[in-house]
Amino acid sequence: MELDKIHTPVLLERCLELLDPALAQPGAWAIDATLGMGGHSLAMLTRYPGLNLIGLDRDPQALEIAGTRLAAVADRAHLVHTVYDGIEGALETVGVDGVDAILFDLGVSSLQLDRAERGFSYAQDAPLDMRMDGTSELTAEIILATYREGDLRRIFEDFGEEKLAGRYARAIIAARNEAPITRSGQLVQILQDATPAAVSRNGHPAKRVFQALRIEVNTELSVLAAAIPAALDALNVGGRIVVLSYQSLEDRIIKRLFAKATASTAPAGLPMELPEHAAKFRLLVRGAELASDDEIEENPRAKPVRLRAAERVREG
């Protein structure tokens, strides 16, 4: 891979703008909870020469590439192989009590999408793997071979919001009774054959199923639901968090957890709010920010992004 041709991260300048008051503090520490190929981390460490950063990723291949890209600032970059709900353990490993900035860039990375052999893309025939961490055991192939029809339908409905979940689950069961489903091309053909012609004109029939399988393989939503509270707990007062999500299921979790963190805990009916009931966080953007047309034109992968951000305003 030519490191100088790796794409620009989504909403890079907007992320840096929102995190700037925290990153610019003397002796600041940041967490890049989804390190990927290190684009956001490299930008932060380059722009803020006093910054120390902890980069987390479950993908050993991503950690290797990021380590190469961050070689010039390696003394300030501490890379940890962990899923992003392992923030507390990562802090203990590095020996840091709290941080001033945290960034999450969720979803599947460019590295994973662009490597056909990883099996994330329905546009390329490859083994049905979909593991973000190749050392874990569960793969999409195992799911398709072992899950019952009801379980397949559930993950297609819950994680893919697929209206034809039942039809697709039945088609997969019927197909695997004839021959093992081991490659993405096989699965795409099964889904296409099971899709009514009128529906197939509304988009690729495999898109939502592949999303659902990827989420199930990597337990993405349960990990996210645990990671955001851990991240909020890790922030120092004045610390900021920015989260980029790329589909509605992720964004709903972020919205709910941010709403809880920015709400008063005062019991209903109190004549006044006591200081201990005041919200610990405040929102930095109203709702979810979208990418601009210019950003999308420059980087098409920014089209579905939803950005949310918050700041810690008092101790817990």
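User: Which residues does UniProt list for "binding site" in this protein?

Analyst: The unreviewed UniProt entry lists Gly38, Gly39, His40, Asp57, Tyr84, Asp105 and Gln112. UniProt positions follow the numbering used here, feature names are shortened, and annotations may be inferred rather than shown by experiment. The structure is a predicted model, in which local features need pLDDT of at least 70, side-chain atom pairs count only at pLDDT 80 or more, and totals for chains, interfaces and linings use all residues. Residues are numbered from 1 along each chain as its sequence is written, and side-chain values use heavy atoms, with hydrogens and water left out.

User: Why is Gly39 called buried?

Analyst: Its relative accessible area is 16%. Buried means under 20% relative accessible area, exposed over 50%, and partly exposed in between (1.4 Å probe, protein chains only); Gly39 is therefore buried. Gly39 is placed in helix H2 (residues 39-47). Helices are DSSP runs (H or I, at least four residues), as are strands (E, at least two), and both are numbered from the N terminus.

User: What makes His40 a buried residue, and which residues does it contact?

Analyst: His40, also in H2, has 6% relative accessibility and therefore counts as buried. Contact means heavy atoms within 4.5 Å. Outside its neighbours within four places in sequence, His40 touches Pro9, Val10, Leu12, Cys15, Asp32, Leu103, Asp105 and Leu244. Among these, Asp105 is also listed by UniProt for "binding site".

User: What makes the pair of His40 and Val10 a polar contact?

Analyst: A polar side-chain atom of His40 lies 3.2 Å from the backbone oxygen of Val10. A polar contact is a pair of N or O atoms within 3.5 Å; within protein, one must be able to donate a hydrogen and the other to accept it, and residues adjacent in sequence count only if both atoms are side-chain atoms. Gln211 of helix H11 (residues 207-218) offers another case, its side chain reaching the backbone oxygen of Phe159 at 2.8 Å. Gln211 is buried, because its relative accessibility is 18%.

User: How do you know on which side of helix H4 the buried residues lie?

Analyst: The buried residues of H4 (residues 87-94) are Ile87, Ala90 and Leu91. They cover an arc of only 100° around the axis, which puts them on the same side of H4; the arc is that of the directions from the helix axis to the C-beta atoms. On the other side of H4, Glu88, Glu92 and Thr93 are exposed. The cover over the buried residues includes S1, S2, S3, S4 and helix H12 (220-234).

User: Why do strands S2 and S3 count as a pair?

Analyst: Two strands pair if DSSP finds at least two bridges between them. S2 (residues 52-57) and S3 are parallel and have five bridges, so the definition is met. Within this pair, Gly55 stands opposite Leu79 in S3.

User: What makes S3 and S6 edge strands?

Analyst: The open sheet has seven strands in the order S3-S2-S1-S4-S5-S7-S6, with mixed pairing. S3 (77-81) and S6 (281-283) each pair on one side only.

User: How is strand S7 joined to S5 and S6?

Analyst: S7 runs antiparallel to S5, with six bridges between them, and S6 pairs with S7 in the antiparallel sense over three bridges. Glu311 in S7 stands opposite Arg240 and also opposite Arg282. Six of the seven residues of S7 are buried.
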